[in-house]
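Trainee: Could you take me on a close look at the pockets of this model, please?

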Amino acid sequence: MFNDFTISPRLSLAYKTSSKSQVLLAYGDFYQNPSSNILKFNQDLKAEHTSHYIFNYQYNGDKRLFRAEAYYKGYSSLVKYDSEFTTFNSNYNNNGDGFAKGIDFFWRDSNSIKNFDYWLSYSFLDTERNYKNYPNKAQPNFANTNNLSVVGKYWIEKWRSQIGFSYAYASGRRYTNPNISGFLNDKTKSFNSLSVNWAYLISPQKILYASVNNVLGFKNINGYQYANTPDIYGNFNKRALRLATDQFFFVGFFWTISVDKKNNQLDNL
């Protein structure tokens with residue numbers, strides 16, 4: 001269905017700034033075939049292309065890990081069409097383009113506080129694309145600008161237990177609100193979820209585990225579905241698209257079988 005020849009040069013250079021740290025520079029060209037749903041209607045297309053530029057710094061020592069990465073990705077030859085769905089008469093071309101730039105941070109520390117291991121990650125993303133049936137360049141509805149994650153777990157020797165928590169935050173995603181002008185012109189509210197868990201070490205290889213997801217019961221919304229026609233006042237009614245349930249509970253038993261009779265899954269919980 002698709003016959004194309006591409007050359008994808010890639011380069012990665014790392015320099016050790018100390019015995020525990022390094023910096024890295026990377027460049028790469030990447031290609032992706034148009035989807036089979038499009039190629040069955042039009043095979044006179046080129047592969048979609050992106051160029052990646054990455055700068056990374058990492059420190060790893062003293063039971064601590066820090067990583068920072070900045071990147072820029074330029075997209076070209078993205079497939080565009082002028083209908084709501086892919087059809088035979090959709091006028092396909094490779095005139096789409098876009099970009100993605102951002103920075104990621106990661107920090108993990110299991111040394112500062114006795115028996116306490118925690119890590120934080122944050123990412124910032126600025127991206128726009130003009131592809132598919134987009135009328136103009138816009139932030140895609142699968143991308144959000146800010147993401148934050150905080151995870152911690154504390155070992156209590158007297159109780160033979162590990163108490164853990166995780167918090168996730170994500171800024172709103174774009175969607176098209178037909179009640180106002182524009183394309184991908186509105187945002188959902190931010191996503192929040194706090195989860196807690198408890199692991200009890202019955203024996204070196206047997207663990208009883210329980211967790212509660214979204215313990216505070218945040219009412220997260222993935223998006224909105226609008227009516228096809230307006231009401232008598234000219235407004236398109238909507239309903240929120242949410243998860244099937246805001247919370248769920250899990251209770252499990254982990255039994256590790258090994259020759260030394262010491263290994264278990266505590267580090268993975």
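Mentor: Gladly, here is a walk through two pockets and the strands beside them. The model is predicted, with local features needing pLDDT of at least 70 and side-chain atom pairs pLDDT 80 or more, while totals for chains, interfaces and linings use all residues. Residues are numbered from 1 along each chain as its sequence is written, and side-chain values use heavy atoms, without hydrogens and water.

The largest pocket (an open set of points on a 1 Å grid over the protein atoms alone where a 1.4 Å probe fits, with protein on both sides within 12 Å along at least five of seven lines) has a volume, the space filled by probe spheres set on the points, of about 550 Å³. Its lining (residues with an atom within 4 Å of a point) counts 19 residues, with Asn 133, Asn 141, Thr 176, Phe 183 and Leu 184 closest to the centre. At least two lining residues come from each of E9 (174-175) and E13 (223-226), strands being DSSP runs of E, at least two residues long. By class, this lining holds 9 nonpolar, 6 polar and 4 charged residues; Gly counts as polar.

The second largest pocket comes to about 330 Å³. Among its 18 lining residues, Gln 32, Glu 48, Leu 78, Arg 129 and Tyr 131 lie nearest the centre. Strands E2 (21-32), E3 (48-61) and E4 (64-80) each give at least two residues to this lining, which has 9 nonpolar, 6 polar and 3 charged residues. E2, E3 and E4 follow one another in an open, antiparallel sheet of 11 strands, where pairing takes at least two DSSP bridges.

Conventions. Helix = DSSP H or I, 4+ residues; strand = E, 2+ residues; numbered from the N terminus.
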